[in-house]
Amino acid sequence: MHPHLHTKDNRACEEVMDILDECHARGFLWKSMGMCNGAKTAVNKCLRAQRLERTKANREAAKAKNQEIKAKWAEIDANS
């Protein structure tokens with residue numbers, strides 16, 4: 001199972017997801033013949049880009065938090 005696509009984290013990909021939904025709505029044969037593959041690839045690329053942006057932001061936040069913790073421990077060690 002995959003997570004829901006239309007969430008607040010994926011707002012930037014909403015347009016390409018709508019295109020994929022429209023393609024899927026054309027029917028099973030349309031999907032099974034590979035007519036939606038381009039739209040699916042575009043959605044995957046967009047979601048990957050969004051995930052990489054979130055990963056980068058999370059990594060930067062973790063580095064800042066670690067530096068803050070190190071500074072507090074250094075202050076504790078200096079005062080002990």
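How many residues apart in helix H3 are Glu68 and Lys72, and about how many helical turns separate them? They are four residues apart in helix H3, or about one helical turn; the legends below start from this pair.

This is a predicted model, in which local features need pLDDT of at least 70 and side-chain atom pairs count only at pLDDT 80 or more, while totals for chains, interfaces and linings use all residues. Residues are numbered from 1 along each chain as its sequence is written, and side-chain values use heavy atoms, with hydrogens and water left out.

**View 1. Glu68 and Lys72 meet in a salt bridge.** Their side chains come together at 3.4 Å, N to O. A salt bridge here is a side-chain nitrogen of Lys or Arg within 4 Å of a carboxyl oxygen of Asp or Glu. Searching the whole structure turns up one salt bridge. Glu68 is partly exposed at 38% relative accessible area, and Lys72 is partly exposed at 47%. (Buried means under 20% relative accessible area, exposed over 50%, and partly exposed in between, with a 1.4 Å probe and protein chains only.) Side chains of opposite charge can pair when their charged atoms come close.

**View 2. Helix H1 has a buried side and a face turned away from it.** Helices are DSSP runs of H or I with at least four residues, numbered from the N terminus. H1 takes in residues 14-25, and its 12 residues reach 16 Å from the first C-alpha to the last, close to the expected 16 Å. That expected span is 1.5 Å times one less than the number of residues. Met17, Leu20 and Cys23 are buried in H1. They cover an arc of only 120° around the axis, which puts them on the same side of H1; the arc is that of the directions from the helix axis to the C-beta atoms. Follow the helix round to the face turned away from this buried side, and you meet the exposed residues Glu15, Glu22 and Ala25. Just after H1, Gly27 takes a positive phi of about 130°.

**View 3. The buried residues of H1 pack against H2 and H3.** Helix H2 covers residues 28-32 and helix H3 covers 37-79. On the H3 side, the buried residues are Ala39, Val43, Cys46, Leu47 and Gln50, and H1 is included in what covers them. Ile19 of H1 is partly exposed, at 43%. Although Ile19 and Ala39 are 20 residues apart along the chain, their C-alpha atoms are separated by 6.6 Å.

**View 4. Gln50 is a buried residue of H3.** The relative accessible area of Gln50 is 14%. Leaving aside neighbours within four places in sequence, Gln50 is in contact (heavy atoms within 4.5 Å) with Asp9, Ala12 and Cys13.

**View 5. H3 has the length expected of its 43 residues.** At 1.5 Å a residue, H3 should span 63 Å, and its end C-alpha atoms are 62 Å apart, which agrees. Lys40, in this helix, is partly exposed at 40%. From Lys40 to Ala61, 21 residues along the chain, the C-alpha atoms are separated by 31 Å.

Methods: Helices (H or I, at least four residues) and strands (E, at least two) are DSSP runs, numbered from the N terminus.
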